[in-house]
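Welcome! Take a moment to turn the structure around before reading on, and keep the sequence at hand.

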Amino acid sequence: MDDLVDDLRQRRDTVMLGGGEKRLEKQRDQGKMTARERVDNLVDDASFEEFGIFAEHRQTQFGLGGRVIPADGVVTGAASIDGRLVHLASQDFTVLGGSAGEVHSLKVADAMKRSLKTGSPFVFLNDSGGARVQEGIDSLSGYGQVFRSNVLLSGAVPQISLICGPCAGGAAYSPALTDFVIQTRKAQMFITGPQVIKQVTGEEITAEQLGGADSHMIHSGVVHFVARDDADALHICRRLLSFLPSNNLEDAPIVPCDDNLEPNPELNNIVPVDHKAGYDIRAVIAEVVDRKDFLEVQAGHATNMVVGFARILGRTVGIVANQPMVLAGAIDNHAANKASRFIRFCNAFNIPLVTMVDVPGYLPGVEQEYNGIIRNGAKLLFAYSAATVPMVQLILRKSYGGAHVAMCSRDIGADAVFAWPTAEVAVMGAEGAVEIVFRKEMAEAEDPVARRAELIAEYREAFASPYVAAGRRLVDDVIEPADTRKHIARALEYLRNKRDQRPPKKHGLIPL
């Protein structure tokens, strides 16, 4: 038995070295952790149980016959994070560049199936040069099984992808199918690289410009969080998981908190009365949620819409809010898509939604229309209308036109609606309405400027006041800003056992 145990230990030690000491050191010299170091730094101490450590490929051609590929280039297993079970896969770039062969992908798919079976989140740490060319179509088949597993897990358990190195070609589709993507500044992700693009289209671009973290945060919207390095990415992952339930049949963990619901005077003067003046909505969010702790999602993409996670009385909530500092808070194509996806995630995982409204409307323009503002704006309507979690709407200032309806109005599903005294709920802004309705009257007035000002004031009093909306029962209460946290917390408390029946059907058809 001693000899057998010694042999086992030697085999295990060989696999643990991955591509060997030189390649491991090269990885570290580039400022990156190794595949196993990432796992060790992500999960709780001594909690990782590895699956498939001795898995072997079955290829015999193109130099792979008889070649040992430790763990087939990917570390898979189960562990705990903050005491809660997770399943994970971590690609090893030191082993054939982390290339995904048949067995490599089957190991990943197996870890995903175990995640689904146990109702635990799945975390995929990507660091791969792409498909293992030597294995041909077998490698593509493996990819297909991973993609299908991503879809089976979707809406059942949270899926988080960390992009810690190259993620090219078909490999990029798996992260895109997950719920959240965290990319480090040392990583690039794209379907076709700079060389292929230059060859096919003649365009010249660097790998960083094409697939760097900022490119995907600002332009494509593929990335949800940008991390400085591996350590930062792992920290973001742990923090994100702390807000999420383990699966769609559970609620998010409750965190001990200060249950203070006393008035917060800071809120009374935080929003300018002048509806044309900008302010940072994140300052309002910070004054309402527990400990001013707000984890913003896609902070650099579609910045006219703010989404993210926070807690109120220790319970996770999803925040959706217009950002008056950018485009006056108007909703454009990217903002509608960003909010819609976030809303659908929260609904899938039993996370209540708090929507803060200060919106002048959908963004006008030829480019917006050509790029599908009708279709994309409809996604926002669909996402809220389809949601069955508790939903609270807070109208801070402007709430005009179709955008008022789309931002979780009573008519599409809000369970509780509050408005500040500064709120203006109307078909459009007073200035625009007066120009349409009273154009002739102003033109014939002795003093058109003075008459215009009078008509604007009359319109605001008659149509844009929060008390008009409250009179129509579209607003439950007009509240003092200082009491906002109290009213939202109480609403969420009495909505905890909300039941919302829907027509029987396979699924709705969101306007994709």
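The paragraphs below walk through the nonpolar cores, two helix pairs and two loop residues.

Please keep in mind that this is a predicted model. A good place to begin is the inside. In soluble globular proteins, nonpolar side chains tend to be buried together. Here the largest nonpolar core holds 64 residues, and those that touch the most other members are L162, I182, F309, V320, I331, L353 and Y384. A second core, separate from this one, has 29 residues, with I285, V289, F294 and V306 among them.

Let us pick out L353 and look at what surrounds it. Beyond its neighbours within four places in sequence, L353 is in contact with G318, V320, F342, I343, C346 and Y384. The list also includes V389, P390, M391 and V392. Two of these partners, V320 and Y384, are named with L353 among the core residues that touch the most other members.

Now for the helices. Two packed helices are described by the angle between their axes and the distance between the axes. Helix α12 covers residues 333-348 and helix α14 covers residues 373-386; their axes cross at roughly 20 degrees and come within 8 Å. Angles under 35 degrees count as roughly parallel, so α12 and α14 are roughly parallel to each other. The crossing of α12 past α14 is left-handed. On the α12 side, the contact is made by N333, A336, N337, A339, S340, I343, R344 and N347. From α14, the residues taking part include I373, L380, F382 and Y384. By type, the residues of this contact are nine nonpolar, six polar and two charged.

Another pair can be found earlier in the chain: helix α4 (residues 102-118) and helix α5 (residues 137-153). Their axes lie 8 Å apart, and the packing angle is about 15 degrees. That is why α4 and α5, too, are roughly parallel to each other. Once again the crossing is left-handed, with α4 passing α5. Residues of α4 such as L106, A109, M112 and L116 take part in the contact, and from α5 the participants include Y143, V146, L152 and L153. The residues of the contact of α4 with α5 comprise nine nonpolar, seven polar and three charged.

Finally, visit two loops. A302 sits between β9 (295-297) and β10 (305-312), and has a positive phi of about 45 degrees although it is not a glycine. With a relative accessibility of 11%, A302 is buried. L313, in the loop between β10 and β11 (315-322), also has a positive phi, near 55 degrees. At 27% relative accessible area, L313 is partly exposed.

Key: Residues numbered from 1 in each chain as written. Predicted model: local features only at pLDDT ≥ 70, side-chain atom pairs only at ≥ 80, totals over all residues. Heavy atoms only, no water. Core = buried A, V, L, I, M, F, W, Y, C linked by side-chain atoms within 4.5 Å. Buried < 20%, exposed > 50% of the residue type's maximum accessible area, 1.4 Å probe, protein only. Contact = heavy atoms within 4.5 Å. Axes fitted to C-alpha atoms, helices over the stretch in contact; angles between N-to-C directions. Helix = DSSP H or I, 4+ residues; strand = E, 2+ residues; numbered from the N terminus. Parallel < 35°, antiparallel > 145°, perpendicular 65-115°, else oblique. Left-handed = near helix turned anticlockwise from the far one by under 90°. Nonpolar A, V, L, I, M, F, W, Y, C, P; charged D, E, K, R; others polar.
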